[in-house]
Amino acid sequence: MFVDRALITIKAGDGGSGITSFIHYKGKVSGGPDGGDGGKGGDVVFVADKSLNSLIDYYYKTKYVAENGTQGGSKNCFGKAGEDLVLRVPLGTVIRDKETGNVIADMFTEGQRKVVLVGGDGGKGNARFANARRHTPHFSQTGEKTEAHRVVLELKTIADVGLVGFPNVGKSTILSKITRARPKIANYHFTTLSPNLGIAEYYDNQFVVADIPGLIEGASEGAGLGIEFLKHIERTRMLIHVVDISGVEERDPYDDFVKINTELKSYSKTLSKLKQIVVANKCDIYGAEEKLKEFKEKIGRKYRVIPVSAITGEGLDKLKKVIYDTLIKLPPVKPLEYEEFNYTKPDKLDYEIYKEGETFIIEGTLVDVLKRNVVMDDMHSLAYLHKVLRDRGIIKELRKMGATDKSTVIIGGEEFEFVD
């Protein structure tokens, strides 16, 4: 099964907590603090891998979590950092934030790496809180918790040449003859259910050809399979428009040609402006020569028409030469131009106070930090909490909002009596 779009949830690893520990050895019952820091959580990293051609792995499994950092140890030992989670995706995969739709990365080149989520910082052990005034801190810091995010993975095939045309005109056969690709070939519509890639060789040169599943009239509005795969020709340098010149299916090749170009233009003006060469296939069938002449008269001189027979191989060598000669004059495929979106930790520690009767609730990024730094059963740690509230003007603001000795203040889920 070919999958070119997936919605997954990713989460970086939480940081390990610092530890509260004191030196104990013979003759020294209670020495100084020696609690070590916790380890950093693992990052979530995406890597572009040219050996992949589908997002099938992300269809069945949709949640990915990096390893957490471990707790610090005594004797000032640091906790182990969590392993990074490496997610491999095909070249051409665009990663977007589900909530905003912003582009996080365009995985365009082989081996490209993008750290999408950074693991949580490890908490500090109690040894880090010792100073000239506080010799024996009985508290340590918890590890930083990380948030889960939903991202959309969308594959946009990267190729030099895109084969387009109505179903059953011979695109897959042409691909199999000019490259080493072996797509499924059968004499019925919609044989090709996913884009097929092949590498064509022309002397010492190579170019990538993508066979796009058959388009039909109304594809840009959702008809047939076309709407699912039109995005796969957005990143091609040129188009090979294949028409069935024989008319064996009682369709007018010129009418088909006009309809496909209308769909391309409706989907994207960029596609309609791509360099396009017309391949008149099935020229070996009786009556095709006369129909080819009529087709050329209708199409005019705007497009170059190459007559071929995919079955016999007639005209395919000339087709490869024309494709190569055209490609060397065209600019290379470029990655998307976008303003990069990153998940960042808040730089500013802010807060908000909500009043519910005689209860005051304090929330915000400042509270998240205090939850990590404050140990509720340690008087030194609680003194630090009170100092932060006072220095940031929160005590003063609570008083203005009507807080009294009978009021309750909730910080990070913990309840306190208001004391000025």
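N76 lies in the loop between strand 3 and strand 4. In this predicted model, N76 has a positive phi of about 60° although it is not a glycine. The same loop, between strand 3 (63-65) and strand 4 (85-89), holds both K80 and E67, which form a salt bridge. The points below treat backbone geometry, salt bridges, surface patches and enclosed helices in turn.

**Backbone geometry**

- Most residues other than glycine have a negative phi.
- N76 departs from that pattern with a positive phi of about 60°, and at 43% relative accessibility this residue counts as partly exposed.
- N168 is also not a glycine and has a positive phi, of about 70°.
- N168 is placed in the loop between strand 9 and helix 2.
- N168 is classed as buried because its relative accessible area is 16%, under the 20% limit for that class.

**Salt bridges**

- The structure holds 15 salt bridges.
- Side chains of opposite charge can pair when their charged atoms come close.
- In the pair formed by K80 and E67, the closest N and O atoms are 3.9 Å apart.
- The two residues of this pair are 13 residues apart, each in the loop between strand 3 and strand 4.
- K80 is partly exposed, with a relative accessible area of 46%, and E67 is partly exposed at 37% relative accessibility.
- Salt bridges that share partners join E67, K80 and E83 into one network.
- E340 and K114 meet through their side chains in a salt bridge with an N to O distance of 2.7 Å.
- This pair links distant parts of the chain, 226 residues apart: E340 is in the loop between helix 7 and strand 15 (352-356), and K114 is in strand 7 (residues 113-117).
- The two partners fall in separate accessibility classes: E340 counts as partly exposed at 43% relative accessibility, whereas K114 counts as buried at 12%.
- D252 forms a salt bridge with K298, and their closest N and O atoms are 3.7 Å apart.
- The D252 and K298 pair spans 46 residues, with D252 in the loop between strand 12 (238-244) and helix 4 (253-267) and K298 in helix 6 (residues 288-299).
- Both are partly exposed, D252 at 34% relative accessibility and K298 with a relative accessible area of 45%.

**Surface patches**

- A patch of positive charge on the surface gathers K275, K296, R304, K318 and K329.
- Within that group, K318 is found in helix 7 (residues 316-327) and is partly exposed, with a relative accessible area of 48%.
- A patch of negative charge on the surface brings together E289, E290, E294 and E297.
- One of these residues, E289, lies in helix 6 and is exposed, because its relative accessible area is 70%, over the 50% limit for that class.
- V248, I285 and Y286 form a nonpolar surface patch, with about 360 Å² of accessible area together.
- V248 is in the loop between strand 12 and helix 4 and is partly exposed, with a relative accessible area of 47%.

**K302 and Q276**

- K302 is found in the loop between helix 6 and strand 14 (304-307).
- K302 is exposed, with a relative accessible area of 67%.
- The C-alpha atoms of K302 and Q276 are separated by 9.5 Å, and the two residues are 26 residues apart along the chain.

**Enclosed helices**

- Helix 2 (residues 171-178) is largely enclosed by the rest of the structure, because seven of its eight residues are buried.
- Those buried residues are K171, S172, T173, I174, L175, S176 and I178.
- The cover over the buried residues of helix 2 includes strand 9 (161-164), strand 10 (196-202), strand 11 (205-211), strand 12, strand 13 (275-281) and helix 7.
- In helix 8 (residues 365-373), the buried residues are T365, L366, V367, L370, R372 and N373.
- The cover over these residues of helix 8 includes strand 16 (359-363), helix 9 (379-391), helix 10 (394-400) and strand 17 (408-411).

Methods. Residues numbered from 1 in each chain as written. Predicted model: local features only at pLDDT ≥ 70, side-chain atom pairs only at ≥ 80, totals over all residues. Heavy atoms only, no water. Patch = residues over 30% accessible without salt bridge, like charges linked within 9 Å, V, L, I, M, F, W, Y side chains within 5 Å. Areas by Shrake-Rupley, 256 points an atom, 1.4 Å probe, with all protein chains shown as cover. Salt bridge = Lys/Arg side-chain N within 4 Å of Asp/Glu carboxyl O. Lys, Arg positive; Asp, Glu negative; His and termini not counted. Charge placed at Lys NZ, Arg CZ, Asp CG, Glu CD. Helix = DSSP H or I, 4+ residues; strand = E, 2+ residues; numbered from the N terminus. Buried < 20%, exposed > 50% of the residue type's maximum accessible area, 1.4 Å probe, protein only. Contact = heavy atoms within 4.5 Å.
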